[in-house]
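Thank you all for making the time this morning. I would like to walk you through a single chain, slowly enough that nobody needs to have seen it before, so please have a look at it first.

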Amino acid sequence: MDAKKVVLYTRDGCMQCKMTKRFLQEHHVDYQEVNINQSPESANYLREKGFRSVPIVFRQDDQPIIGFQPQALKGLVG
């Protein structure tokens, strides 16, 4: 696995978030989850950046992956 830090933004009750988490876990991708229901300041941060939905996967300087996109997520698998 690439040493770059992966951050996954999720919310409660989000099926795409669950599918994204499952994909990352099944492919042994280390990530930090930030649940916007538990961290309202994170929701504000995403809104300020122009995002309106989750899941969003960030990996340092790479383009974010928005929604459940298995093909794009494969790029995180080492």
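**A walk through the sheet and its surroundings**

Let me begin at one pairing in the sheet, where Val6 has Arg59 in β3 as its bridge partner. What you are looking at is a predicted model, and I would ask you to keep that in mind throughout.

That pairing belongs to a longer contact between two strands, since β1 and β3 run antiparallel and are joined by four bridges. On a general note, the strands of a sheet pair through backbone hydrogen bonds, and they do so either in parallel or in antiparallel fashion. Here both senses occur, because β1, which covers residues 6-10, also pairs with β2 in the parallel sense, again over four bridges. Taken together, the four strands make an open sheet of mixed pairing, in the order β2-β1-β3-β4. The edges of that sheet are β2, at residues 32-35, and β4, at residues 65-66, each of which pairs on one side only.

Stepping back to the chain as a whole, we find three helices and four strands, and if you follow them from the N terminus they come in the order β-α-β-α-β-β-α. The radius of gyration is 12 Å, close to the 12 Å that the globule rule gives for 78 residues, so the chain is as compact as a globular protein of that length. The C-alpha trace spans about 30 × 25 × 20 Å along its principal axes, and 37% of the 78 residues count as buried. If we consider the contacts between residues at least 6 apart in sequence, 63% of them join residues that are at least 24 apart.

As for the surface, the accessible area comes to about 5000 Å², with 45% of it belonging to carbon and sulfur atoms. The chain has 11 positive and 9 negative charges, and the mean positions of the two sets are 5 Å apart.

Let me now return to the sheet and stay with β3 for a moment. How are the faces of β3 covered? On one side Ile56 and Phe58 are buried, and on the other side Val57 and Arg59 are buried as well, which leaves both faces of the strand covered. The Arg59 in that list is the residue we started from, the partner of Val6. On its way to the edge of the sheet, β3 is joined to β4 by two bridges, with the two strands running antiparallel, and Ile56 has Ile66 in β4 as its bridge partner. The two strands form a hairpin with five residues between them, and in that turn Gln60 has a positive phi of about 40 degrees.

Turning to β1, I would like to point out Thr10, which is placed in that strand and stands opposite Asn35 in β2. Thr10 counts as buried because its relative accessibility is 1%, where the cut-off for buried is under 20%. Beyond its close sequence neighbours, Thr10 is in contact with several residues, among them Cys17, Lys21, Glu33 and Val54.

That last residue leads us to a backbone feature, for the peptide bond from Val54 to Pro55 is cis, with omega near 5 degrees. Pro55 lies in the loop between α2, at residues 40-48, and β3, at residues 56-59. In general, most peptide bonds are trans, and most residues other than glycine have a negative phi. A second departure is found at His28, whose phi is near 55 degrees and therefore positive in a residue other than glycine. His28 lies in the loop between α1 and β2, and at 66% relative accessibility this residue counts as exposed.

Finally, let us compare two residues of helix α1. Is Thr20, which is found in that helix, buried or exposed? Thr20 is buried, with a relative accessible area of 0%, and apart from its close sequence neighbours it is in contact with Leu8, Pro55, Val57, Gly67, Phe68 and Leu73. Met15 is found in helix α1 too, but with 52% relative accessibility Met15 counts as exposed. The C-alpha atom of Met15 is separated by 14 Å from that of Pro70, although the two residues are 55 apart along the chain.

I will stop there, and I am happy to go back to any of these places.

How values were computed. Residues numbered from 1 in each chain as written. Predicted model: local features only at pLDDT ≥ 70, side-chain atom pairs only at ≥ 80, totals over all residues. Heavy atoms only, no water. Rg over C-alpha atoms; globule rule 2.2 N^0.38 Å. Buried < 20%, exposed > 50% of the residue type's maximum accessible area, 1.4 Å probe, protein only. Contact = heavy atoms within 4.5 Å. Areas by Shrake-Rupley, 256 points an atom, 1.4 Å probe, with all protein chains shown as cover. Lys, Arg positive; Asp, Glu negative; His and termini not counted. Charge placed at Lys NZ, Arg CZ, Asp CG, Glu CD. Pairing = 2+ DSSP bridges. Lists of a residue's contacts leave out its neighbours within four places in sequence.
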